[in-house]
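Morning, everyone. Let me put a single chain on the screen and walk you through it.

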Amino acid sequence: MLALYVIGLFAVSRVFAESESFKMDLILDMNTQLYPIELNEKFRLLLTTTLREDGLPDDGEYDQGPSLADSFEYVMYGKLYRIEGESGPGGRLAVYVSYGGLLMKLQGDANNFQGFTMDMNLYLLMKKLAF
């Protein structure tokens, strides 16, 4: 399901999606003027703390060399500001990230969120899948 909001000069949509592989639910605000997405369109989403292909942490400076972003079409950078839920076996967690005011809620099995901590910086990378 898509909900469309217009904020200033930008078209912002709230995307509701569910993962086919990890049993996770996603609510994501995104700029659909920059990256249009249609109902029932499939996409790959990656959350990572670095864009470096070798997995090493970012050093705080923009590197114009090859990066993970080269393989994706839409990239946002934000901060994890809330974690809710049960973290034990069989527990479900929800993580909340703000990408400059565009919000994301990702909810699923707690095992999928190992290593996620408050105030960590996260890149969100998206790419549409052709089917």
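I'll cover the model, the fold, the surface, and then three residues.

Ground rules first. This is a predicted model, where local features need pLDDT of at least 70, side-chain atom pairs count only at pLDDT 80 or more, and totals for chains, interfaces and linings use all residues. Residues are numbered from 1 along each chain as its sequence is written, and side-chain values use heavy atoms, with hydrogens and water left out.

Confidence next. pLDDT is the predictor's confidence in each residue, from 0 to 100. The chain averages 88, and 91% of the residues score at least 70. Among the elements, strand β6 (residues 92-99) has the highest mean, 97, and strand β1 (residues 2-7) the lowest, 47. Over residues 1-7 the pLDDT is below 50, yet this stretch has 21 contacts in the model beyond near neighbours in sequence. A contact means heavy atoms within 4.5 Å.

Now the fold. There are eight strands and zero helices. Both are DSSP runs numbered from the N terminus: helices are H or I, at least four residues, and strands are E, at least two. The C-alpha trace spans about 40 × 35 × 35 Å along its principal axes. What is the radius of gyration of the chain? It is 15 Å, which agrees with the value near 14 Å for a compact globule of 131 residues. That radius is taken over C-alpha atoms, and the globule rule is 2.2 Å times the number of residues to the power 0.38. Of the contacts with a separation of 6 or more, 51% join residues 24 or more positions apart.

On to the surface. The chain exposes about 8500 Å², with 53% supplied by carbon and sulfur atoms. Those areas use the Shrake-Rupley method with a 1.4 Å probe. Buried residues make up 32% of the chain. Buried means under 20% relative accessible area, exposed over 50%, partly exposed in between (1.4 Å probe, protein chains only).

Three residues to finish. Leu 28 sits in strand β3 (residues 25-31). Leu 28 counts as buried because its relative accessibility is 0%. Its contacts more than four places away in sequence include Val 15, Leu 45, Met 76 and Leu 124.

Then two loop residues. Lys 23 lies between β2 (10-18) and β3, with phi near 50°, a positive value outside glycine. Lys 23 is exposed, at 70%. Asp 119 is in the loop between β7 (102-109) and β8 (121-128). Its phi is also positive, about 65°. Asp 119 is partly exposed, at 49%.
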